[in-house]
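Thanks for coming. I have one structure to go through today, so let me put it on the screen.

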Amino acid sequence: MNLQLLLAILVGGLFAAGIYLILRRSIVKLIIGLALISHGANLLIFASGRVVRASAPLVAEGQTSLRPPHADPLPQALILTAIVISFGVLAFMMVLVSRAYRALGTDDTDELRETDS
Amino acid sequence: MSTLIVLPIIIPLVTACLGLLAFRSPRIQQALSVLGGFGLLTAAIVLLMRVWTAAEPPGGILVAQMGSWPAPFGITLVADLFGAIMVLLAAITGLAVLIYSVADVDMPRKRLLYFPLVHVLLAGVCGAFLTGDVFNLYVCFEVLLLSSFVLLSLGSERAQLEGAIKYVTLNLLSSAIFLSAAGILYGTAGTLNMADLSARIASAAEMGDGSNSQSGVFTVVAMMFMVAFGIKSAVFPLFFWLPASYHTPPFAVSALFAGLLTKVGVYALIRFFTLIFVHDTGFTHTILLWVAALTMVTGVLGAAVQMEFRRVLSFHIISQIGYMVLGLALFTPLAIAGAVFYIIHHIVVKANLFLVAGIAHRLRGTSALDRPGRFSIYSSAPLVAVLFMIPAMSLAGVPPLSGFWAKLVLIRAAIDERLFAYALVALLVGIMTLFSMTKIWAEAFWKSPPDEDRRGAPDEPESAARPPRIDRSLLGPIAALAAITVAIGLLAGPVFDLSTRTAEQLLNPAGYVRAVLGADHHRAATAERKEEPAP
């Protein structure tokens with residue numbers, strides 16, 4: 001089994017678990033589900049940047065270009081940005097849920113029917 | 001030249017930062033924000049004029065490379081006609097909402113940095129309209145989403161918190177799908193620059209016969225983007241978060257959301273499915289066609305059964321989104337021009353209707369249409385009634401207002417393609433829209449309050465006798481937006497010319513690619529790529 005396949009299974013598992021948790025009625029599980037899905041998306045970017053055994057993408061001294069094989073540094077930069085964003089969003093979501101729990105007196109998403117008609 | 005493209009993003013950001021520095025004084029924030037709104041509007045007008053006059057025939061593409069990194073490696077900002085028009089519409093809506101907020105939003109919310117948040121939202125929206133990079137688009141989406149989350153829940157009323165949970169959850173899910181699609185796209189194409197993507201996907205489709213594996217992966221990614229942007233633009237069957245949340249925040253906030261946020265999703269759909277994913281239009285655009293028709297019908301039927309002012313309007317956002325997607329799905333020059341015209345008309349009208357809803361709420365004391373209000377708006381404030389009538393009739397498509405021309409162009413485009421069923425759906429949805437608007441008119445504006453109600457309020461006999469005075473800063477933005485609606489209707493010719501030029505630009509991805517990457521980069525890149533397939 002190579003790493004690429006393992007990563008693919010892991011990403012699929014994270015997405016499946018995340019969606020399962022979102023579909024549960026508990027509002028806390030909703031947050032955990034969203035967190036798992038964003039982890040899944042981050043790992044997906046990592047996997048699609050190719051997992052290869054290669055040198056760091058640094059131009060050696062005296063050379064003007066990279067020598068293949070080298071790893072692609074861009075996915076890591078993308079993931080780093082995405083992690084920071086999802087961290088902020090999840091922090092907000094937790095505060096929102098705790099306020100909602102205090103205001104609405106329930107953690108059951110099935111009872112959030114006031115704004116539906 | 002490059003500073004001009006950056007300005008619509010920088011001005012709101014700087015205004016927001018200055019507002020944060022003055023966090024103790026909501027009055028200073030307020031003054032700064034309105035000033036910043038005027039600055040943004042000026043920058044947007046200059047940008048559109050520069051883009052319009054940049055080339056002959058009118059309509060060029062301005063490009064700025066951030067940090068002077070050459071095109072596919074750095075972040076590119078691109079202002080073509082479509083982007084510049086959207087920025088201008090965002091600036092108009094933003095300014096109208098900012099001025100309206102001065103009197104509409106209450107002091108506790110203003111203390112909680114309401115005005116800086118609006119400007120961060122505007123920065124995100126303008127960034128999304130101007131960026132030429134998929135990942136940068138994701139970041140801009142997150143910027144505008146985060147500030148919209150806070151604006152939606154600011155104040156923490158029960159309904160607001162409940163609506164916010166639904167809104168946040170579905171938008172986060174959409175962002176995760178967007179991010180995954182961007183990741184797979186990068187893994188397959190090796191780039192996230194929109195122009196570069198356009199060139200690479202076109203050459204991949206050229207090399208294969210359309211059914212080769214890489215082209216198939218691009219179609220899968222295209223569908224993922226369609227779902228992600230579909231949630232954001234609230235198309236059928238992904239729209240449920242919208243009517244559950246848009247009627248809960250203050251009126252100014254919901255006007256801002258109604259005018260701009262779903263349209264960012266529509267913008268992204270149009271950008272992606274005219275520039276990048278045009279390798280298999282028979283598949284992708286047929287799905288869009290179905291989605292468009294179902295969105296129109298479900299939206300308008302949903303509105304028909306609602307009895308709350310803003311919920312009726314929320315469902316109408318959905319049905320109107322259907323018209324725009326219909327223009328994209330037909331994918332002819334006339335249809336895309338119709339979609340652009342529709343967006344121009346819709347943003348102005350929709351934001352205005354939500355602002356009028358706020359005044360109606362003040363006058364009647366309730367937003368419910370099936371409960372009697374304190375006053376008949378028609379007899380106590382006829383000016384407000386007229387100012388509702390203009391956008392409402394425009395939304396329904398009554399000539400000579402802007403909505404009539406927008407619908408006319410789209411229906412004409414559908415008939416030209418011999419898709420009579422879709423033309424018929426668009427017509428019927430227009431009639432149903434008229435029905436909803438007359439329902440609001442009759443219930444909220446025309447109906448006199450029952451007599452016993454007026455006698456049954458002994459606690460405030462003074463205020464019950466006279467309707468509350470409506471502040472000028474509430475009426476001003478509404479009157480200005482109504483004037484723009486009338487102007488678009490009367491000057492339909494020039495606006496249609498603008499839309500046509502925009503459509504020509506959108507349907508010519510090669511021009512976009514050339515503007516961003518330079519004339520000879522493309523050929524060199526394709527030659528190089530044949531040697532090393534994986535990035």
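Start with helix α7 of chain B. It has 32 residues, and at 1.5 Å a residue these should span 46 Å; the end C-alpha atoms are 46 Å apart, so the expected and actual spans agree. Keep in mind that this is a predicted model. α7(B) is mostly covered, with 26 of its 32 residues buried. Just after the helix comes B:Gly190, which takes a positive phi of about 80°.

One residue on that helix is worth a look. B:Ile177 lies in α7 of chain B. Which residues does B:Ile177 touch, not counting those up to four places away in sequence? They are B:Met224, B:Val227, B:Ala228 and B:Ile231. For a distance in the other direction along the chain, take B:Leu18: B:Ile177 and B:Leu18 are 159 residues apart in sequence, and their C-alpha atoms are 34 Å apart in space.

Chain A gives a second helix for the length check. Helix α3 of chain A runs over residues 74-104, which is 31 residues. At 1.5 Å a residue they should span 45 Å, and the end C-alpha atoms are 44 Å apart, which agrees. α3(A) is followed by A:Gly105, and the phi of A:Gly105 is positive, near 70°.

Now the cavities. How many of 30 Å³ or more does a search of the whole structure find? The search finds three. The largest has a volume of about 170 Å³. It is lined by 16 residues, and the closest to its centre are A:Ser38, A:Ser86, B:Leu172, B:Ser175 and B:Ala176. Both chains contribute: α2 and α3 of chain A, together with α6 and α7 of chain B, each supply at least two residues of this lining. By class, the lining of the largest cavity divides into 11 nonpolar residues, four polar and one charged.

The second largest cavity has a volume of about 70 Å³. Its lining is made up of B:Phe141, B:Leu144, B:Leu145, B:Tyr167, B:Asn171, B:Lys232, B:Trp241, B:Leu261 and B:Val264. Helices α6, α7 and α11 of chain B each supply at least two of the lining residues. Which helix gives the most to the lining of this second cavity? That is α6(B), with three residues. The classes here are seven nonpolar, one polar and one charged.

B:Trp241, from that lining, also brings us to B:Ser245. B:Ser245 sits in helix α10 of chain B, residues 241-245. Its relative accessibility is 0%, so B:Ser245 counts as buried. A polar atom of the B:Ser245 side chain lies 2.9 Å from the backbone oxygen of B:Trp241. Leaving out residues up to four places away in sequence, B:Ser245 touches B:Leu152, B:Gly163 and B:Tyr167. B:Tyr167 is another of the residues lining the second largest cavity.

Next, some backbone geometry to check before anyone sets up a calculation. Most residues other than glycine have a negative phi, and most peptide bonds are trans. Here are the exceptions I picked out.

B:Phe236 and B:Pro237 are joined by a cis peptide bond, with omega about -5°. B:Pro237 is in the loop between α9 and α10 of chain B. A cis bond also joins B:Pro399 and B:Pro400, where omega is about 5°. B:Pro400 lies in the loop between α16 and α17 of chain B.

On the phi side, B:Ser68 has a positive value near 60°, and it is not a glycine. B:Ser68 is found in the loop between β1 and β2 of chain B. Is B:Ser68 buried or exposed? At 66% relative accessibility, it counts as exposed. B:Leu113 also has a positive phi, near 65°. Its place is the loop between α4 and α5 of chain B, and at 25% relative accessibility B:Leu113 counts as partly exposed.

Last, a loop glycine. B:Gly373 lies between α14 and α15 of chain B. Its relative accessible area is 12%; the cut-off for buried is under 20%, so B:Gly373 is buried. Beyond its neighbours within four places in sequence, B:Gly373 is in contact with B:Arg364, B:Thr366 and B:Pro449. B:Ala255 is 118 residues from B:Gly373 along the chain, and their C-alpha atoms are separated by 22 Å.

That is what I have for today.

Methods
Residues numbered from 1 in each chain as written. Chains lettered and ligands numbered in written order. Heavy atoms only, no water. Helix = DSSP H or I, 4+ residues; strand = E, 2+ residues; numbered from the N terminus. Expected span 1.5 Å × (residues − 1). 1 Å grid on protein atoms, 1.4 Å probe; cavity = no way out; pocket = protein on both sides within 12 Å on 5 of 7 lines; lining within 4 Å. Points joined across faces, edges and corners; volume = space filled by probe spheres on them. Nonpolar A, V, L, I, M, F, W, Y, C, P; charged D, E, K, R; others polar. Contact = heavy atoms within 4.5 Å. Buried < 20%, exposed > 50% of the residue type's maximum accessible area, 1.4 Å probe, protein only. Polar contact = N/O pair within 3.5 Å; in protein donor to acceptor, adjacent residues only side chain to side chain.
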